[in-house]
Amino acid sequence: ACEYGRIGFVTQDDVLFPHLTVKETLTYAALLRLPLTLTKQQKEKRALDVIYELGLDRCQDTMIGGSFVRGVSGGERKRVCIGNEITINPSLLFLDEPTSGLDSTTALRTVQTLQDIAEAGKTVLTTIHQPSSRLFHKFDKLIVLGKGSLLYFGKASEATDYFSSIGCSPLIAMNPAEFLLDLANGNLNDISVPPELEDRVQMENSETETRNGKPPPQVVHEYLAEAYELRFSENENKLMDPLPLDEEPKLKVLSSKRQWGASWWQQYCILFIRGIKERRHDYFSWLRITQVLSTAIILGLLWWQSDSKTSRGRQDQAGLLFFIAVFWGFFPVFTAIFTFPQERAMLSKERAADMYRLSAYFLARTTSDLPLDLILPVLFILVVYFMAGLRLSAGPFFLSMLTVFLCIVAAQGLGLAIGATLMDLKRATTLASVTVMTFMLAGGFFVERVPVFISWIRYLSFNYHTYKLLLKVQYQDMVPPLKGIQTDNGSREVGALVAMIFGYRLLAYLSLRRMKLHS
């Protein structure tokens, strides 16, 4: 096999998108991580090879699933995480507790998979949590650590013999892994106490002995660390002796430049399609559709065929237009707030693996929401506009729609900026509710004469600019004009909304740049 990547790392937590299938997850990983020299077809074939290699072919079209979504089993999910890493064909594969949370049979199958990878010529290094005896016997080499000190390093099959040789033997039949864990923790229950250790405890202080006649963990730990050091110090010294200067090998300096697996445009396209596939379930949930349509119908009934010819009728319609500006300012902010805090773990993991540029991810993530985000407002305006009897001509209708779109995209920008800056949902929601409330109050409907020292707030409010634009669209040509409406073309309001669209997103991007992605 040709060389792709050097090191793969499987984290303890399974960080995966719940609504993508197994095949989609591994295909996107292959497209983003495999080198540019391979074609798209070769990358897709590599993903399929990994699926068959890990025995995931039966569930390749099943969703990964999560807390609220049914999907693959725990063992299959863990194998998908391993597949994400072995896609790049690494020489060295690190795993952090791959069997945590799995039952003994599934854990054994997972370790069997790792053994097959190791037999194929890869080095597999894993930390393990409470392995069964069958699982323990699959290891080739073993490192036992206690409080950062090395207690044993060598063949796994010889570990118990080594500890027996220094006087620590199990007094009852027990799982070798449990025996080694007890020793690493300084616990000598059901384990023989070495004579040297007994003598040392008696010589130092009789008070250090515990109630059951066993030495304390600290003393046991010191004894085991010293025993290992004495036993292997000669071999280690030979290894650690520095080479003479003239014999030092010339180290090849590796290039620190990142090697991307796809061009910027390819990264953007892959992440855009992945984003739409992952979130289409959220947007077309009946809950959201019902929420928007029921609000639209209630508004339509309350303002049923309202009259725009009289001054009183226009005042009533102004209330409706203000509510539309507030609703489509409020709704997108609280949807967008969740974007980056929810994907933080995935972003950190994928950026640490150099899967894509942050700019490609950011643009794909913010633009993949737009097509889906603009479907519900169309339904909303269609219902409200005709039920409430607003100006029935094509120009005002499409201009009203465009104004609402501008408001939504600007409000989304604010939500993205707050979420990316704080990265904490509780704090972000609190800040957003205060900000949105302030913007609503300064929106120009509740109070017209605002004190000079605080009047600047209304120019930061997308509600204010949206409300003014909606009024201009409806009443610009009417005589007499509605109080407080300037008879211009609204370019100032449009300019302010466009500035917010880009300004808030730039703030969100800079906040993500500042975030410690590799922590």
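# Exercises on a predicted model

Strand β2 spans residues 92-96 and has two faces: L93 and L95 lie on the covered one, while L92, F94 and D96 lie on the uncovered one. The model is predicted. The exercises below begin with this strand.

## Exercise 1. The neighbours of β2

Task: state which strands pair with β2, and in which direction they run.

Solution.
- Step 1. Take β1, residues 7-10. Four bridges join β1 to β2, and the two run parallel.
- Step 2. Find a pair of residues in this ladder. V10 has L95 of β2 as its bridge partner.
- Step 3. Take β3, residues 123-127. β2 is joined to β3 by five bridges, again in parallel.
- Step 4. Find a pair here too. V124 in β3 stands opposite L93.
- Step 5. Return to the faces of β2. L93 and L95, the residues named in the two pairs, belong to the covered face.

## Exercise 2. The hairpin

Task: describe how β4 and β5 pair and which residue in their hairpin takes a positive phi.

Solution.
- Step 1. Strand β4 covers residues 141-146 and strand β5 covers residues 149-155; six bridges join them, and they run antiparallel.
- Step 2. G146 is bridged to S149 in β5.
- Step 3. The hairpin has two residues between its strands. K147 takes a positive phi there, near 50°.

## Exercise 3. Helix α20

Task: compare the span of α20 with the expected one, and say how covered the helix is.

Solution.
- Step 1. α20 runs over residues 462-475, which is 14 residues.
- Step 2. From first C-alpha to last, the helix reaches 20 Å, close to the 20 Å expected at 1.5 Å a residue.
- Step 3. Of the 14 residues of α20, 14 are buried, and the helix is mostly covered.
- Step 4. Look at the start of the helix. A side-chain oxygen of S461 comes to within 3.3 Å of the backbone nitrogen of N463.

## Exercise 4. T113

Task: is T113 buried or exposed, and what does T113 touch?

Solution.
- Step 1. T113 sits in helix α4, residues 104-119.
- Step 2. The relative accessibility of T113 is 10%. Buried means under 20%, so T113 counts as buried.
- Step 3. A polar atom of the T113 side chain lies 2.9 Å from the backbone oxygen of R109.
- Step 4. With residues up to four places away in sequence left out, T113 touches L54 and R79.

## Exercise 5. Three loop residues

Task: place I64, I88 and P35 in their loops, and classify each by relative accessibility.

Solution.
- Step 1. I64 is in the loop between α2 (40-53) and α3 (74-86). Its relative accessible area is 1%, so I64 is buried.
- Step 2. List the contacts of I64 beyond four places in sequence. Among them are L16, F17, P18, T25, V72 and V80. The C-alpha atom of T25, 39 residues away along the chain, is 8.5 Å from that of I64.
- Step 3. I88 belongs to the loop between α3 and β2. At 7% relative accessibility, I88 is buried. I88 and A29 are 59 residues apart along the chain, with 9.0 Å between their C-alpha atoms.
- Step 4. P35 lies in the loop between α1 (22-33) and α2. Buried means under 20% and exposed over 50%; P35 has a relative accessible area of 25%, so P35 is partly exposed.
- Step 5. P35 and W260 are 225 residues apart along the chain, yet their C-alpha atoms are separated by 6.9 Å.

## Exercise 6. Cysteines

Task: how many disulfides does the structure hold, and how accessible are C81 and C269?

Solution.
- Step 1. A disulfide is a covalent bond between the sulfur atoms of two cysteines.
- Step 2. The structure holds zero disulfides.
- Step 3. C81 is buried, at 5% relative accessibility, whereas C269 is partly exposed, at 26%.

## Exercise 7. The whole protein

Task: give the secondary structure, burial, contacts and exposed area of the protein.

Solution.
- Step 1. The secondary structure amounts to 21 helices and five strands.
- Step 2. The protein has 519 residues, of which 46% count as buried.
- Step 3. Take the contacts with a separation of 6 or more. Residues 24 or more positions apart account for 72% of them.
- Step 4. The exposed area is about 28000 Å², and carbon and sulfur atoms supply 59% of that area.

Key:
Residues numbered from 1 in each chain as written. Predicted model: local features only at pLDDT ≥ 70, side-chain atom pairs only at ≥ 80, totals over all residues. Heavy atoms only, no water. Buried < 20%, exposed > 50% of the residue type's maximum accessible area, 1.4 Å probe, protein only. Polar contact = N/O pair within 3.5 Å; in protein donor to acceptor, adjacent residues only side chain to side chain. Contact = heavy atoms within 4.5 Å. Areas by Shrake-Rupley, 256 points an atom, 1.4 Å probe, with all protein chains shown as cover. Expected span 1.5 Å × (residues − 1). Disulfide = S-S within 2.5 Å. Pairing = 2+ DSSP bridges.
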